[in-house]
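Open the model in a viewer and keep the sequence panel in sight. The stops below are meant to be taken in order.

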Amino acid sequence: IANHKARILNEDLVKEADLIFAMAPEHIDYVRYTYPKYYDKIYLLKRFGREEEPLDDDTIHDPIGGDKDRYRKCFKILKFETHRIAKLLFKD
């Protein structure tokens, strides 16, 4: 991950992806509006695989501008959710 570089989302990235996960509903709305033909591969990270479960908050709040604790909290949520989803996608 040390060599990872953020990229601006574009149609080639969306087309190439099997799944696209967003942290907030407004991100979903933007990507689905901008790339409507890929609607079915775009999901809210905390909702994926638990569409029927009630959640207190299905948004992962962006830590930008926050203190270290806010970044740590966001990291823990992302780690938990990505591990949860990996288990769903790669179960035997």
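The tour goes from the whole chain to the cores, then to one helix, the charged pairs and some loop residues.

**Ground rules**

This is a predicted model, in which local features need pLDDT of at least 70 and side-chain atom pairs count only at pLDDT 80 or more, while totals for chains, interfaces and linings use all residues. Residues are numbered from 1 along each chain as its sequence is written, and side-chain values use heavy atoms, with hydrogens and water left out.

**Whole chain**

Start with a cartoon view. The protein has 3 helices and 2 strands, arranged along the sequence as α-β-α-β-α. Helices (H or I, at least four residues) and strands (E, at least two) are DSSP runs, numbered from the N terminus. The C-alpha atoms fill a box of roughly 40 × 30 × 25 Å along the principal axes. Of the 92 residues, 26% are buried; buried means under 20% relative accessible area, exposed over 50%, and partly exposed in between, with a 1.4 Å probe and protein chains only. Among contacts (heavy atoms within 4.5 Å) with a separation of 6 or more, 47% are between residues 24 or more positions apart.

**The cores**

Select Val14, Ala17, Ile20, Ala22, Ile28, Val31, Tyr35, Tyr38, Ile42 and Leu44 and show their side chains: these 10 residues form the largest nonpolar core. Two or more of its residues come from each of β1 (20-22), α2 (25-34) and β2 (42-44). Apart from this core lies another, of 5 residues, including Leu45, Phe48, Ile60 and Ile85. A nonpolar core here is a set of buried Ala, Val, Leu, Ile, Met, Phe, Trp, Tyr and Cys residues joined through side-chain atoms within 4.5 Å. In soluble globular proteins, nonpolar side chains tend to be buried together.

Centre on Ile42 next. Leaving aside neighbours within four places in sequence, Ile42 is in contact with Ile20, Ile28, Val31 and Arg32.

**A buried lysine**

Move to Lys41, in the loop between α2 and β2. Which side chain of opposite charge is nearest to Lys41? That side chain is Asp18, 6.0 Å away, and the buried Lys41 has no salt bridge. A salt bridge requires a side-chain nitrogen of Lys or Arg within 4 Å of a carboxyl oxygen of Asp or Glu. For charge, Lys and Arg count as positive and Asp and Glu as negative, with His and the chain ends not counted. With neighbours within four places in sequence left aside, Lys41 is in contact with Val14, Lys15, Ala17, Asp18, Leu19 and Ile20.

**Helix α3**

Select residues 68-89, which make up α3. This helix of 22 residues reaches 31 Å from its first C-alpha to its last, close to the 32 Å expected at 1.5 Å a residue; the expected span is 1.5 Å times one less than the number of residues. Colour Cys74, Glu81, Arg84 and Ile85, the buried residues of α3. They cover an arc of only 100 degrees around the axis, so they sit on the same side of α3; the arc is taken over the directions from the helix axis to the C-beta atoms. The buried residues of α3 pack against β1. Rotate to the face turned away from the buried side to find the exposed residues Lys68, Asp69, Phe75, Lys76 and Lys87.

**Salt bridges**

The whole structure has 5 salt bridges. Stay on α3 for one of them: the side chains of Arg84 and Glu81 meet at 2.8 Å, N to O. The two residues are 3 apart in the helix, about one turn, and both are buried. Add Arg50 to the selection, since Arg50, Glu81 and Arg84 are linked in a network of salt bridges.

Next, pick Lys37 and Glu11, which form a salt bridge at 3.6 Å, N to O. The pair links distant parts of the chain, 26 residues apart: Lys37 in the loop between α2 and β2, and Glu11 in α1 (residues 11-16). Lys37 is exposed, with a relative accessible area of 64%, whereas Glu11 is partly exposed at 36%.

Then show Arg47 and Asp58, joined by a salt bridge whose closest N and O atoms are 3.5 Å apart. Both residues lie in the loop between β2 and α3, 11 residues apart. Asp58 is partly exposed, with a relative accessible area of 23%.

**Last stop: the loop between β2 and α3**

Select Pro54, which lies in this loop and is exposed, with a relative accessible area of 76%. Pro54 and Ala2 are 36 Å apart in space, C-alpha to C-alpha, and 52 residues apart in sequence. Finish at Asp56 in the loop between β2 and α3, which counts as exposed at 89% relative accessibility.
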